[in-house]
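Dear colleague,

Please find the structure below, handed over for your files. My notes on the ligand site and on the annotated positions follow it.

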Amino acid sequence: MTTPSGANPADTAPDGKIVLGKNQYGKAGNHVVRITRDTARHEIEDLTVISQLRGDFESCHTEGDNSHCVATDTQKNTIFSLARDGVGSPEAFLLRLGKHFTTSFEWVSGGRWAAEQFTWQRIKVDGKEHNHAFVQNRTETRTAVLLIDKDGPHLFAGLKDLTVLKSTGSEFHGFPQDKYTTLVETSDRILSTDVAARWRYNTAELDFNAVYADVRRILLETFASVHSLALQQTLFQMGKNVLQAHRNIVDIRFSMPNKHHFVVDLAHFGQDNPNVVFWAADRPFGLIEGTVKRDDAADDLWESVAGFC
Ligand SMILES: O=c1[nH]c(=O)c2[nH]c(=O)[nH]c2[nH]1
């Protein structure tokens, strides 16, 4: 809104009218590699961590008074220092970080801590796993987010870029036909996606690595075994199977591109194409997103998982 003179009233209002809204701050992109080398068989944990604090940072923003402003550089150093005592799982590491900041500074009432973990596999030499040489598994990335607020810690786990494809066992038909519809109905197509999923735990006391491995297994096995009538149906079944197997998971959210594979018309070249040669179109792509939840699960808190306050 502007005044008749063209000035924005917010610019001319007394100071008290303009206040600081939700805020959080910290350091992103802290790439920590932790080697466990107690024996000759080393272990590697490789994760990128974000730390962001929430609390009373009013005067830092409004006055330039930094007496409450725990430097982002200090937050970075804390991440590396805590890694000295081990990581264990991204969730456990974030819980230690969150506890540190919320118990060390009385004005830090909460925050958001997030991690992405990359997986490495041992290189095999003469069929034998090497003790300290690894190859990066460029498949999925494991993710975790910890929120701390007045109600305590809230933990979200997940993965992204889990690329899957099935070469049959997928149909798509029965959709509305209007004057813009050109898609041909199919009872045999390729179904492929990059699974991104996040799920919320109702506890901070879990064997996070074991649950993660089992959820990943369920997602893959369900994708493989559901005879798909739409990616939406596959998504729902993946989530349902996870919730049925894990009482500690409240809800699960997915974002999955439908990576279209079109059968190429080879008739121009005098050839048939019985679903063997495909054009893998990288864009545009369908984008199928959805939540599968227990019917009493609240939708709050999820907005912070995506990134901003
Ligand atoms: O599984 C699918 N879901 C859709 O909503 C859709 N839309 C489309 O064009 N192809 C597909 N496939």
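By class, the shell around the ligand consists of 4 nonpolar, 2 polar and 1 charged residues (Ala, Val, Leu, Ile, Met, Phe, Trp, Tyr, Cys and Pro count as nonpolar, Asp, Glu, Lys and Arg as charged, and the others, Gly among them, as polar). These residues are Phe172, Leu183, Arg189, Ala230, Leu231, Gln232 and Asn258, where a residue is near a molecule if one of its heavy atoms lies within 4 Å of it.

This is a predicted model, in which local features need pLDDT of at least 70 and side-chain atom pairs count only at pLDDT 80 or more, while totals for chains, interfaces and linings use all residues. Residues are numbered from 1 along each chain as its sequence is written, and side-chain values use heavy atoms, with hydrogens and water left out.

Three side chains make polar contacts with the ligand (pairs of N or O atoms within 3.5 Å). An N or O atom in the side chain of Arg189 is 2.8 Å from a ligand oxygen. A nitrogen atom of the ligand lies 2.9 Å from a polar side-chain atom of Gln232, and a ligand nitrogen is 3.1 Å from an N or O atom in the side chain of Asn258. Taken alone, the ligand exposes 290 Å², of which the protein buries 72% (Shrake-Rupley method, 1.4 Å probe).

The "binding site" annotation in the unreviewed UniProt entry covers Thr72, Asp73, Phe172, Arg189, Gln232 and Asn258; such annotations may be inferred rather than shown by experiment. These positions span 187 residues in sequence, and their farthest two C-alpha atoms are 51.9 Å apart, so they do not all gather at one spot.

With kind regards

How values were computed. Polar contact = N/O pair within 3.5 Å; in protein donor to acceptor, adjacent residues only side chain to side chain.
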